[in-house]
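Thanks for asking me to look this one over. Here are a few friendly notes on the aromatic side chains, for when you have the model open.

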Amino acid sequence: MKTMSLLQPDDLADFTRRPTTVLGEQKTVHVTGSGPAVIVMAEMPGISPHVARFARWVRDAGFTVYMPSLFGTDGAVPSAEEGAAVFRRACVSAEFRALGRGVTSPVTLWLRGLARLAHGECGGPGVGAIGMCFTGNFALTMMLEPSMLAPVVCQPSLPLDDPAGLEISSEDLGGIAERLEREDLSVLAYRFQGDAFCRVERFAAYAEALGPRFDGRVLPDPVDNPEPRPPFFKQHVPAPHSVMTVDLIDREGEPTLQARDEILAFFRQRLQRL
């Protein structure tokens, strides 16, 4: 993997930028690698160098990464003000449901179509996906697509106004719970213990809805990354939050790096089966 400053813009030159039409709507998807497909969905405020680093780890583990552009400027390190503007636009966008429990974001229909497309292109047993923060719950909702086999939910932060709420309709959640049980599948999830955006109540709600099929793992706050944070995170997300990106310490023995390895192993188990 190329080495670069995570506080400087990433040109994403090792990804193929693909205009991708699903359900009649075109979005940009950055693609790299080979092997079974994994969809990497960015946290706020977009596809940052930290998000791209995680995508490269997935690629190097033997997968084809599909990284859709859902908000923000791809590869950028926005200022705190620019990042906040991206967040505000997403909160009022018709594609997302940032407020109110029990509703499913419409963009997940497009993402389920992307999973079908990726599976058709890459083959294998199925597709994996990881959502983070604003997109955290999307990987779970994508389980309504039969090709989805390996959902990872990182610090799911929606709905913003209800710490115990889930950003998915009861009908969709019931269908997913039934599928997880029927097909012996599970959901892998992570959060920091003191995360103000993804609190203990949210993981408790997932556990109540999905039972033992929800594998929620909680990291203690002191294991987060002490390095300088990008401007948006420094001002708006100062506490531990981003398990796989800003708060990950890329050093052997670190709990966050162990969590990354657990996620890669989860993808291998579900998607690289013979």
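The points below go through the aromatic pairs, a cluster and the charges over rings.

1. First, a word on what we are looking at: this is a predicted model. Its aromatic pairs number 11 when ring centres within 6.5 Å are counted.

2. One of these pairs joins Phe203 and Tyr206, with an edge-to-face arrangement. Their ring centres are 6.5 Å apart, and the planes make an angle of 80°. Both residues sit in helix α6, which covers residues 200–210. Because Phe203 and Tyr206 are 3 residues apart there, about one helical turn separates them. As for solvent, Phe203 and Tyr206 are buried.

3. Phe232 and Phe233 also make an edge-to-face pair, at 5.5 Å centre to centre and with 90° between the planes. Are these two rings buried or exposed? Phe232 has a relative accessible area of 7%, so it counts as buried. Phe233 is buried as well, because its relative accessible area is 5%, and the cut-off for buried is under 20%.

4. You may like to select the next group together in your viewer. Phe71, Phe87, Phe96, Phe134 and Phe138 belong to one aromatic cluster.

5. Finally, which charged residues lie over the face of a Trp ring? Lys27 is placed over the face of Trp110, 5.6 Å from the ring centre. Arg260 is found over the face of Trp57, and here the distance to the ring centre is 4.6 Å.

Note on methods:
Residues numbered from 1 in each chain as written. Predicted model: local features only at pLDDT ≥ 70, side-chain atom pairs only at ≥ 80, totals over all residues. Heavy atoms only, no water. Phe/Tyr/Trp six-rings, centres within 6.5 Å; stacked < 30°, edge-to-face > 60°. Helix = DSSP H or I, 4+ residues; strand = E, 2+ residues; numbered from the N terminus. Buried < 20%, exposed > 50% of the residue type's maximum accessible area, 1.4 Å probe, protein only. Lys NZ or Arg CZ within 6 Å of the ring centre and 35° of its normal.
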